[in-house]
Amino acid sequence: MTFTELGKRVRKHIGQDHRYAHCVRVARMAENLARIHDADSRKARLAGMLHDLARLYSEERLLRDSERLGVPVSDFERAHPIVLHAPLSAALAQAEFAVHDPEVLSAIAKHTLAAGEMSALDCVVYLADGLEPGRDYPERAELAALAERDLRAAMRATIGSSLRYLRSKELPLAPATAAAMKTFGVEAA
Ligand SMILES: [Fe+2]
Ligand SMILES: [Fe+2]
């Protein structure tokens, strides 16, 4: 399957132009960051394109399809099913798009909460998702520039920024994100 054909199938699966355009931008930015940081740019582009396959699913469908496809559901995920769209999108990439590369699937699965252990590929997809040019918040451009210069510093700053967002909305911190904070040295301030 060519990348154009893949895009058409992803567009159809997602069923919405707005979300599909985000996936295209994430694919492009992840590909670019991978090139800069010596990760596999083809895998980064693929993971970026497929990362949000389940993003528009209802909570009921997220839970049901996770069960159906054998995606483990933690207590945190049961309480906040939206975060399941990341591991479920990885399971769908495998089941419906025949993508079996564990590195690509890992990057998809970790794109929302991050994790204690992240490869360079995991990091570029996480950063591209949060920092693609369609995102609209004050530090975005600065963080995107940092992501081109220093992957680790960009992870620390981007996780810190999402932490401040969670705090401002009084949203809970996922165990996986807490583990990522430790790995990347994010202050819990
Ligand atoms: Fe997502
Ligand atoms: Fe996304």
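**Helices and turns, a quick chat**

Visitor: How do H3 and H8 lie to each other?
Guide: H3 and H8 are oblique to each other. The angle between them is about 45°, and oblique covers what falls outside the roughly parallel (under 35 degrees), roughly perpendicular (65 to 115) and roughly antiparallel (over 145) ranges. Keep in mind that this is a predicted model.

Visitor: OK, and how far apart are the axes of H3 and H8?
Guide: Their axes are 10 Å apart. The crossing of this pair is right-handed.

Visitor: Which residues of H3 and H8 meet?
Guide: From H3 you have Lys43, Ala44, Ala47 and Gly48, and they meet Leu121, Val124, Val125 and Ala128 of H8. Sorted by class, that contact has six nonpolar residues, one polar and one charged.

Visitor: Switching to H1 and H2. At what angle do their axes cross?
Guide: The axes of H1 and H2 cross at roughly 140° and come within 9 Å. This crossing is right-handed.

Visitor: What meets what in H1 and H2?
Guide: Gly7, Val10, Arg11 and Ile14 are the H1 side, and Arg19, Tyr20, Cys23 and Val24 are the H2 side. The H1 and H2 contact counts five nonpolar, one polar and two charged residues.

Visitor: What span should H1 have, going by its residues?
Guide: H1 runs over residues 3–14, so its twelve residues should span 16 Å at 1.5 Å a residue. The C-alpha atoms at its ends are 16 Å apart, which agrees.

Visitor: And how far does H2 reach?
Guide: H2, with 20 residues, reaches 29 Å from first C-alpha to last, close to the expected 28 Å.

Visitor: Which residues are buried in H2?
Guide: The buried ones in H2 are His22, Cys23, Val26, Ala27, Met29, Ala30, Glu31, Leu33 and Ala34. Their cover includes H1, H3, H8 and H9.

Visitor: What comes after H2 with a positive phi?
Guide: That's Asp38, with phi near 60°. Asp38 sits in the loop between H2 (17–36) and H3 (41–50). Most residues other than glycine have a negative phi.

Visitor: Is Asp38 buried or exposed, and why?
Guide: Asp38 is exposed, because just 9 other C-beta atoms lie within 10 Å. The cut-off for exposed is 12 or fewer.

Visitor: Where is Ala114?
Guide: Ala114 lies in the loop between H7 (102–109) and H8 (120–131). Ala114 isn't a glycine either, and its phi is positive, about 65°.

Visitor: So is Ala114 buried or exposed?
Guide: Ala114 counts as buried, because it has 28 C-beta neighbours inside 10 Å. You need 20 or more for that.

Visitor: What phi does Gly15 take, just after H1?
Guide: Gly15 has a positive phi of about 75°.

Visitor: Last topic, Ala145. Which helix is it in?
Guide: Ala145 is in H9, which covers residues 140–149. With 11 C-beta neighbours inside 10 Å, Ala145 counts as exposed.

Visitor: How far apart are Ala145 and Leu131 in space?
Guide: Ala145 and Leu131 are 9.4 Å apart, C-alpha to C-alpha, with their positions 14 residues apart in sequence numbering.

Definitions and conventions: Residues numbered from 1 in each chain as written. Chains lettered and ligands numbered in written order. Predicted model: local features only at pLDDT ≥ 70, side-chain atom pairs only at ≥ 80, totals over all residues. Helix = DSSP H or I, 4+ residues; strand = E, 2+ residues; numbered from the N terminus. Expected span 1.5 Å × (residues − 1). Axes fitted to C-alpha atoms, helices over the stretch in contact; angles between N-to-C directions. Left-handed = near helix turned anticlockwise from the far one by under 90°. Contact = placed C-beta atoms within 7 Å. Nonpolar A, V, L, I, M, F, W, Y, C, P; charged D, E, K, R; others polar.
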